[in-house]
Amino acid sequence: MPSTRTWADIAVLLTLAMLGVVGFEPPFGGFGFLLAGIGGLAVGAATGILTSIYRLPVITTTLVAVTGYFLLGSAFAVPGQALAGVFPSLQSLASLAVGAVYGWADIVTLQTPIGAPQYIAVVPFVATWLVALIATTLAARWLPSRPRAAWRHGVMLIGPVLLYLAGVLLGTDTPFQAGVRGVTFAVLALVWLAWRRSSEGTLAAESAARNRRRKLAGTAILVAASVVVGTGSALVLAPPNDQRFVLRDEIEPPFDPLQYPSPLAGFREYSKLMQEDVLFTVDGLAPADRLRLATMDTFTGKLWNVTGPELQTAGSGSFALVGRELPRQDFITADRRENVTVTIEAYDDVWVPSVGYPTDLEFTAGDAADDTDSLRYNEATGTSVLTTGVSEGDSYTIDADVQRVLSGDDLADASPAAISLPPITDNPDITTAKAQELAGSATEPAAQLEAIRLGLAEQGFLSRGLASDAVPSRAGHGADRIDELLSRNQLIGDEEQYASAFALMASTYGYPARVVMGFAPEVVEGQVTEVRGEDVSAWVEVAFEDIGWVAYDPTPDETDIPQDQTPQPQIEPQPQVRQPPRADNDPEDLLTPVELDNEDTDDEDAFVFPTWLVVLALSILIPAAIILIPALIIGALKARRARRRRDAATGDARAAGAWDELVDQYTELGYAVPARSTRPMIARDLERQVPGEEPLPLRSLATATDRAVFSGADLDAASTDEVWSEAIAAVEIARRAVTRSRRILSRYRLHRRRRRRGRA
């Protein structure tokens, strides 16, 4: 068992580690991670102490530690994925493995406070588990072997110091009680080092009481000096929060929205191909509410798109991993929406339909409920993305802040916000001329924008390119399509073209404008709203100082386009062409043979294991494999060890091998085998340790082994077999004498005795 001093060392090291792991509070935004952090300390410390008590070798200690990590980690790090919140499942075991490898990168790219992915809590768990395991193992085995080596005590502090630094580097610009934690850490470490030093040499003649008083006085002076110097240094030398070095400030979010096509480019897919399809249903909307799909603020001359992450602007490219709680939008004059429930039907895309700026998004049904780790959110635009996509059967609930609808009087004196957006490229020249024409004599920003909006809405006509439209309307919103829209006698297009044109015209005045694509269904308060493809819409948002992003809808309602102003092209008569003579072909020759696949690919009778049965089986088999595979490996190594000894070249080597095998197996059973002793001495010592009435012929076996080794006679196979039989019988007697737990632990211990000539 560890000594009192060893227990004190372990307590100090675990306390220092706890001071370090508390530093993870800023990125997690609370103390929810402490269950994982404290659990890692407990599992690592328990493993280190138990393996030291039973004197397990390094390989076996590692196997036991990894087994404990996976068996107990589910309850501490990912209880939401564990069976009954405690027992490991296939999903929780995968999270423990993935989080230990990838969680370190995710924690510096996630938007704080961190709520997802679920395996992110594995980071503090694995960090404290590893530090506690190494610290307790070294404190129980390494320090007692040379207690006067002061440098060993300093080495023991490496793990807690690294854990403390991890809390700093993985944190945010705002530290958690940096001064208090730092001073406490330094004082505790210095006091421990001072008291741990041996005083037997210089203070042996002094009384114990006087020695204790001197230590207490020195400790008080050390603590006072550390507090004064540490606090003063923190006040003078600590950098401002915005100048602290943290890793998250040096790493870009990994999600790139440019990997996906522009949402606005697929506008006609909804308005024409899915016109009558119910895309999703929404419960909890207020009249005039719109559903946001994507926000685009960069124009390349060909299309509007979401800004890529490489542009450091206040735009739409900074998507980050989030959990259920989303960061709140401060730049808004807000109305509140709560418990808005969206149920997906025919809709299938990565962009998550939402209302306003969500502050809470919880998936409640469908495949998306099990894949929330793929949710990304853009705080500036209120746009959510599920990289695995939402599809039929998914359902989620939203709490959101919605920009309040303001009147013209509210915006009369408002000025555009100083927001940096990506530059507009290849803006057609006609947008500037048309914007000045429609704005007329208006001078205030809000008045100019309203004049342009009214000009487009009143002078234009709506056509979505349907067969029922009086005049066809070409899809697209690039520079050529906008030039066509504004240069014709009649403005003809749909929301895709009008929103694009309005945003480009607003940008010619230098106003921050962006295009939003979404849905504008007719909402009846108190009823569930069915959103169809025909409800697709696009509008423009312009940022005003101290107000937020104000929506403008420049699309006209009028669909009755005057026919006299849009003359149809005349049909020119075509010259008559003599038809070729009819060929007398057999009707069967006109048919193209088609090979039919007679194989029935859908075998309805094929047996498929239920998913729950597969998950249950894997949840049982994986822990069983973690426990049994190490035992099988060590058992194979033991069998190989015994076989090599029994198959030695000479008879004396085979007899000596039998004794060595006996000693190794006794050691693995937990018996204390004296080192550097003769075989008879070892035999007497072991006979005293083995309880029970059954005789243990170790002394006779030791004498027979010495005779075989030193006599120089060549032993035959029968003699060596007899020695091996006696050795195996002695091992079985010792095995029956110990407890069941010691017999089980012996299967995980592998000892290899280094035989010295003439000795055991």
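## A look at the chain, its pocket and its rings

The protein chain has 22 helices and 18 strands, taken from DSSP runs (H or I of at least four residues for helices, E of at least two for strands) and numbered from the N terminus. This is a predicted model, where local features need pLDDT of at least 70, side-chain atom pairs count only at pLDDT 80 or more, and totals for chains, interfaces and linings use all residues. Residues are numbered from 1 along each chain as its sequence is written, and side-chain values use heavy atoms, leaving out hydrogens and water.

How much of the chain is buried? Of its 760 residues, 46% count as buried, meaning under 20% relative accessible area (1.4 Å probe, protein chains only).

Now for the aromatic rings. Rings of Phe, Tyr and Trp (its six-membered ring) pair if their centres lie within 6.5 Å; planes under 30 degrees apart count as stacked, over 60 as edge-to-face and the rest as tilted. The count comes to 17 aromatic pairs. Here are two of them:

| Pair | Centre to centre | Angle of planes | Type |
|---|---|---|---|
| Tyr164 and Phe185 | 5.2 Å | 50° | tilted |
| Tyr270 and Tyr347 | 6.4 Å | 15° | stacked |

Tyr164 sits in helix α8 (residues 158-169) and Phe185 in helix α9 (residues 178-196), so this pair ties together parts 21 residues apart in sequence. Tyr164 is buried, with a relative accessible area of 14%, and Phe185 is buried too, at 10%.

Tyr270 belongs to helix α11 (residues 267-273) and Tyr347 to the loop between β6 and β7 (349-352), so their pair links parts 77 residues apart in sequence. Both Tyr270 and Tyr347 are buried.

Definitions and conventions: Buried means under 20% relative accessible area, exposed over 50%, partly exposed in between (1.4 Å probe, protein chains only).
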